[in-house]
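Student: I am new to this structure and would like a close look at a single part of it. Could you take me through the aromatic residues and what surrounds them?

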Amino acid sequence: VDASGMTLYTFDKDKKGEKASACTGGCIKEWPPLVAPEGAKADGKWTLLAVTDASGKSEKMWAYDGHPLYLFLDDKKAGDATGDGKDGFHLAKAS
């Protein structure tokens, strides 16, 4: 989960070790990335990847152990996990 307790997801089309998210355009509208604040630094298994939002703006998102992390637009409150199995997205789980 993120800092607000919202469920995080991974995307089947993202390949471990890539430098950018495979979810762009309309995908990003429904599956917002876990955006990293300006100046964020990755450490350990955490990495930062490029992501392009629906407006075409590029920013950085968090990935854990090579897997980019996303939220789901239909999850309305902490603990919701309504996106598991939809559109190639699955609950992010620690390995």
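Tutor: Happy to; we will begin with the whole chain, go on to the aromatic rings, and then look at what lies around them.

Please keep in mind that this is a predicted model. The chain has one helix and five strands, and from the N terminus on they follow the order β-α-β-β-β-β. The radius of gyration is 12 Å, close to the 12 Å that the globule rule gives for 95 residues, so the chain is as compact as a globular protein of that length. Along its principal axes, the C-alpha trace spans about 30 × 30 × 25 Å. Of the 95 residues, 34% are buried. Among contacts with a separation of 6 or more, 63% are between residues 24 or more positions apart.

Now to the rings. A pair of aromatic rings is described by the distance of the centres and the angle of the planes. Searching the whole structure gives nine aromatic pairs. Take F11 and Y70 to begin with: their ring centres are 6.3 Å apart and their planes stand at 80°, so this pair is edge-to-face. F11 belongs to strand β1 (residues 9-11), while Y70 sits in the loop between β4 (67-68) and β5 (89-91), so the pair ties together parts that are 59 residues apart in sequence. Are these two rings buried or exposed? F11 has 8% relative accessibility and therefore counts as buried. Y70, at 0% relative accessibility, counts as buried too.

Y70 also pairs with F89. Here the ring centres are 5.3 Å apart and the planes are at 90°, so this pair is edge-to-face. With Y70 in the loop between β4 and β5 and F89 in strand β5, the pair ties together parts that are 19 residues apart in sequence. Both Y70 and F89 are buried. If you step back from the single pairs, you can find one aromatic cluster formed by Y9, F11, W31, Y70, F72 and F89.

What else is packed with these residues? In soluble globular proteins, nonpolar side chains tend to be buried together. The largest nonpolar core here has 13 residues, and F11, C23, C27, W31, Y70 and F89 are those with the most contacts inside it. Two or more residues of this core come from each of β1, α1 (26-30), β2 and β3. A second, separate core has five residues, including L34, A36, W62 and L69.

The two cysteines in that list deserve a look of their own. C23 and C27 form a disulfide, with their sulfur atoms 1.9 Å apart, and a search of the whole structure finds one disulfide. The angle about the S-S bond is -110°, and the link of C23 and C27 is left-handed. Both C23 and C27 are buried. If you leave aside the neighbours of C23 within four places in sequence, C23 is in contact with F11, D14, I28, W31, V51, T52, Y70 and F89. From the disulfide, then, you can trace contacts of C23 to the aromatic residues F11, W31, Y70 and F89.

Let us turn to the strands β2 and β3, which also give residues to the largest core. Strands of a sheet pair through backbone hydrogen bonds, either parallel or antiparallel. In this model, β2 (residues 46-52) and β3 (residues 58-64) run antiparallel and are joined by seven bridges. One bridge you can look for is that of W46, whose partner in β3 is Y64. The two strands form a hairpin with five residues between them, and G56 in the turn has a positive phi of about 95°.

The hairpin belongs to an open sheet of three strands, in the order β2-β3-β4 with antiparallel pairing. β2 and β4 stand at the edges with a single partner strand each, so one side of each is left without a neighbour in the sheet.

Finally, there are two aspartates to find in the loops. D65 has a phi near 55°, a positive value in a residue other than glycine, and is located in the loop between β3 and β4. D87, also not a glycine, has a positive phi of about 55°. You will find D87 in the loop between β4 and β5, where Y70 lies as well.

Notes:
Residues are numbered from 1 along each chain as its sequence is written. This is a predicted model: local features need pLDDT of at least 70, side-chain atom pairs count only at pLDDT 80 or more; totals for chains, interfaces and linings use all residues. Side-chain values use heavy atoms; hydrogens and water are left out. Rings of Phe, Tyr and Trp (its six-membered ring) pair if their centres lie within 6.5 Å; planes under 30 degrees apart count as stacked, over 60 as edge-to-face and the rest as tilted. Helices (H or I, at least four residues) and strands (E, at least two) are DSSP runs, numbered from the N terminus. Buried means under 20% relative accessible area, exposed over 50%, partly exposed in between (1.4 Å probe, protein chains only). Two strands pair if DSSP finds at least two bridges between them. A disulfide is a pair of cysteine sulfur atoms within 2.5 Å. A nonpolar core is a set of buried Ala, Val, Leu, Ile, Met, Phe, Trp, Tyr and Cys residues joined through side-chain atoms within 4.5 Å. Contact means heavy atoms within 4.5 Å. The radius of gyration is taken over C-alpha atoms; the globule rule is 2.2 Å times the number of residues to the power 0.38.
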